[in-house]
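Here's a quick look at how protein and DNA meet in this model, plus a short stop at one residue elsewhere. Have the structure open while you read.

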Protein chains: 2
Amino acid sequence: MSPLIQSFVLHFGEMGSRWGINRTVGQIYALLYVSEKPLNADEIAEELAFSRSNVSIGLKELQAWRLVKLQHFPGDRREYFSTPEDIWAIFRLLAEERQKREVEPTLTMLRGALMESPANAAERHAQARMQAMYDLIELITSWFAEIQKLDAETLQRLMKLGSRVQKLLQITQSLARFTHRDGGDKEAKAESRAARPDDDEPGTGGNEGEAR
Amino acid sequence: MSPLIQSFVLHFGEMGSRWGINRTVGQIYALLYVSEKPLNADEIAEELAFSRSNVSIGLKELQAWRLVKLQHFPGDRREYFSTPEDIWAIFRLLAEERQKREVEPTLTMLRGALMESPANAAERHAQARMQAMYDLIELITSWFAEIQKLDAETLQRLMKLGSRVQKLLQITQSLARFTHRDGGDKEAKAESRAARPDDDEPGTGGNEGEAR
DNA sequence: TCAAATTTTCAGAGTTTTTTGAAATTTGAA
DNA sequence: TTCAAATTTCAAAAAACTCTGAAAATTTGA
């Protein structure tokens, strides 16, 4: 393998470990990502000097993550693997899987904990903290899901806009205020409060957030 | 420890492993997060039934991530640890550290690989793929950095807006088009191209993106 | 149906990471 | 400066994870 590709592959092997993905899986994915054509398991094992069985397990894992596409060629019984060509599609896939595997279970656990009635001050405080975490995760992930719906072009434009989006928001706010006198201001206040759940006075009676 | 807090702590221990953070560190952080008051190392070791030395190592790691605050109480030599109260601040800290530890090194590796002149078709293709990845990471992280500059309230408003932001963008676009006839359209086209770098025709001569 | 090609499984060897207890070091007050 | 409290270091035990080779299972075409 050329040093160019090798350094890429090795880097993703290392990075994989930091992300709870093992080295083999990281390297296989990196190799497929830069490969010109789909590869079969033997080719991967050969290139990366891993045992055939290790590659088999790695590919299964990648399939479970929906990160590789499987295809066949006429007159060849072996399975060939490749990655999606559109890197946005890859990013989306990764985000969806992490949502399913990490975010959802966390939200479920938090919901469960928030259902309990607190037995003492410590539990009351813990629940307030959990509510803040729940709200943040909910906000970010549902926003992210919304954003995903946008077509690539709009998304691109939004990103290029960066923090200048603030100006845009100010415009709508003025517009809203103009249209129906007080509505805008009221809403802004309520949201600002939700954003920083820790300005709860401690000992006030915890778990004040909306029940879920 | 109450079952309520226990389930939270155990969950974060598990989740930690999936994120390349070890169980001890995950549990310590979770405990500090829900704790009413700062805790010292002995209290943590006691609550979580870890050895004192393990807690010491875990706390060092959390300090390296800037995720815990250290404080002292008068007349007590021990160090007490707590997490920031504002969960947005925690989120920001985490994002900054991951940027530094994972994103930056990846960008550096990619830049290095993109500097090389490709020796053959395979390398040319690999570089085109790496360029696409580089562009995506750059776009997302620089946008994220921009967004971070917004105050909590604006950010909140943006998130609540969700995909309705599209309408807002359409307004600015029409405005731009109105103000100086063709400018808006041209820009939109260029951006759309950058957004999906894989519509590069393969074999055209790779590495077409702007050199970095 | 068979048999060749291919993929998957799995026990166990190998490796890495985590955790511990004991010892060493650091710290702050007297 | 000394001393005891507090923290850190470190070698090694324990646990977790990775990887392999051999064998089993599956698939496909004749």
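What follows covers the surroundings of one DNA strand, then a single threonine.

Keep in mind that this is a predicted model. Let's start with DNA strand C, which has 16 residues around it. The ones that come nearest are A:Glu79, B:Thr24, B:Ser51, B:Ser53 and B:Arg77. On the DNA side, sugar and phosphate make up 60% of the strand C atoms that come within 4 Å of the protein.

Three of the polar pairs are worth pulling up in your viewer:

| Protein residue | Protein atom | Atom of DNA strand C | Distance |
|---|---|---|---|
| A:Glu79 | polar backbone atom | phosphate oxygen | 2.9 Å |
| B:Ser51 | polar backbone atom | phosphate oxygen | 2.7 Å |
| B:Ser53 | N or O atom in the side chain | base oxygen | 2.8 Å |

So which elements build the surface near DNA strand C? Chain A brings helix H4 (52-64) and strand E3 (76-82), while chain B brings helix H2 (23-34) and its own helix H4 (52-64), each with at least two residues. H4(A) gives the largest share, at 4 residues. Sorted by character, the surface residues come out as 7 charged, 7 polar and 2 nonpolar.

Now for the threonine. B:Thr154 sits in helix H7 of chain B, which spans residues 152-161. Is B:Thr154 buried or exposed? Its relative accessibility is 4%, and the cut-off for buried is under 20%, so B:Thr154 counts as buried. Setting aside neighbours within four places in sequence, B:Thr154 is in contact with A:Gln166 and A:Leu169.

Note on methods: Residues numbered from 1 in each chain as written. Chains lettered and ligands numbered in written order. Predicted model: local features only at pLDDT ≥ 70, side-chain atom pairs only at ≥ 80, totals over all residues. Heavy atoms only, no water. Near = heavy atom within 4 Å. Polar contact = N/O pair within 3.5 Å; in protein donor to acceptor, adjacent residues only side chain to side chain. Nonpolar A, V, L, I, M, F, W, Y, C, P; charged D, E, K, R; others polar. Buried < 20%, exposed > 50% of the residue type's maximum accessible area, 1.4 Å probe, protein only. Contact = heavy atoms within 4.5 Å.
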